[in-house]
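Me: I have a protein model open and would like to learn how to read it. Could we go through it together, one question at a time?

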Amino acid sequence: MATNNGEQNQTSEAGRHQEVGHKSLLQSDALYQYILETSVYPREHEAMKELRELTAKHPWNIMTTSADEGQFLNMLLKLINAKNTMEIGVYTGYSLLATALALPEDGKILAMDINKENYELGLPVIKKAGVDHKITFKEGPALPVLDELVKDEKNHGSYDFIFVDADKDNYLNYHKRLIDLVKVGGLIGYDNTLWNGSVVAPADAPMRKYVRYYRDFVLELNKALAVDPRIEICMLPVGDGITLCRRIN
């Protein structure tokens, strides 16, 4: 009888992963939960936890950065001693808070999103954490802002780290501009580059509509980054996949 229950549980879990669009790329939800409960949650900043739980109640909560990726970004920024950063795509600000907590007191983040209302949902938590003074938020499309930054050569090579978690159909357009703004030796992080696992799924595989729509844009980005001689890259299966690009010239 126990064997039958085990088989049923395995079948049920496998079914949850059959549709392309599952957030976790690990083999099982239990393994992902182990990472969260063993490594992430015990060390999660109180403000990060509060914002994560607040965002979980939002109808678009699938857009948020995962807790393990937030932990990764926080440590990465400390390792590279980042001070001047940029974030394209903010949502309620979980990854933004992870960044702000990692930066020194005089650190700066230029944050952009088309929806200020979502950002303002998380802003009280960011303020309570005492890091809102590091953030300059701009509402609206990022491309016009980037074009203005690129026009002024004093901005070239001025950013230590840039994180992109926004409209996938513009990722390559962002890259064309960001490569001038990030310093040599600096990093650009592109989120969702494994795109719910759809990058290796057959074209006729069952996919959520938004996953299918953006899939080709993500594939195009991954191919372009792989052959860009101006960067070194590392694709990591953290969260929904993040590709780190280190500018080398």
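Me: Which residues have the most contacts inside the largest nonpolar core?

Reply: Happy to help, and keep in mind that this is a predicted model. The largest nonpolar core has 34 residues. Those with the most contacts inside this core are L96, L97, Y119, I126, I135 and F161.

Me: Which helix gives the most to this core?

Reply: Look for the element that supplies 6 residues to the core. That element spans residues 94–102. The answer is helix α5.

Me: And which residues does I135 touch, leaving out those up to four places away in sequence?

Reply: I135 is among the residues with the most contacts inside the largest core. Two others from that group, Y119 and I126, are touched by I135. With neighbours up to four places away left out, the full list for I135 is L96, I109, A111, Y119 and I126.

Me: How many residues are in the second, separate core?

Reply: This second core includes L110, M112, L143 and I162. Its total is 24 residues.

Me: Now the helices. Why is α3 called roughly antiparallel to α6?

Reply: Two packed helices are described by the angle between their axes and the distance between the axes. Here α3 (residues 46–56) and α6 (residues 116–128) have axes that come within 9 Å and cross at roughly 170 degrees. Because angles over 145 degrees count as roughly antiparallel, α3 is described relative to α6 as roughly antiparallel.

Me: What classes of residue make up the contact of α3 with α6?

Reply: From α3 come A47, E50, L51 and L54, and from α6 come L121, G122, V125 and K128. Sorted by class, the contact has 5 nonpolar, 1 polar and 2 charged residues.

Me: Is K83 buried, partly exposed or exposed, and what is its relative accessible area?

Reply: Find K83 in the loop between α4 (67–79) and β1 (84–88). Buried means under 20% and exposed means over 50%. K83 falls between those limits, so K83 is partly exposed, with a relative accessible area of 40%.

Me: Which side chain makes a polar contact with the side chain of K83?

Reply: Not counting residues up to four places away in sequence, K83 touches L103, P104, D106, G107, K108 and D160. The polar contact between side chains has a distance of 2.8 Å, and the partner of K83 is D106.

Me: How far apart in space are K83 and D160?

Reply: In sequence, K83 and D160 are 77 residues apart. In space, C-alpha to C-alpha, the distance between K83 and D160 is 6.6 Å.

Technical notes
Residues numbered from 1 in each chain as written. Predicted model: local features only at pLDDT ≥ 70, side-chain atom pairs only at ≥ 80, totals over all residues. Heavy atoms only, no water. Axes fitted to C-alpha atoms, helices over the stretch in contact; angles between N-to-C directions. Helix = DSSP H or I, 4+ residues; strand = E, 2+ residues; numbered from the N terminus. Parallel < 35°, antiparallel > 145°, perpendicular 65-115°, else oblique. Contact = heavy atoms within 4.5 Å. Nonpolar A, V, L, I, M, F, W, Y, C, P; charged D, E, K, R; others polar. Buried < 20%, exposed > 50% of the residue type's maximum accessible area, 1.4 Å probe, protein only. Polar contact = N/O pair within 3.5 Å; in protein donor to acceptor, adjacent residues only side chain to side chain. Core = buried A, V, L, I, M, F, W, Y, C linked by side-chain atoms within 4.5 Å.
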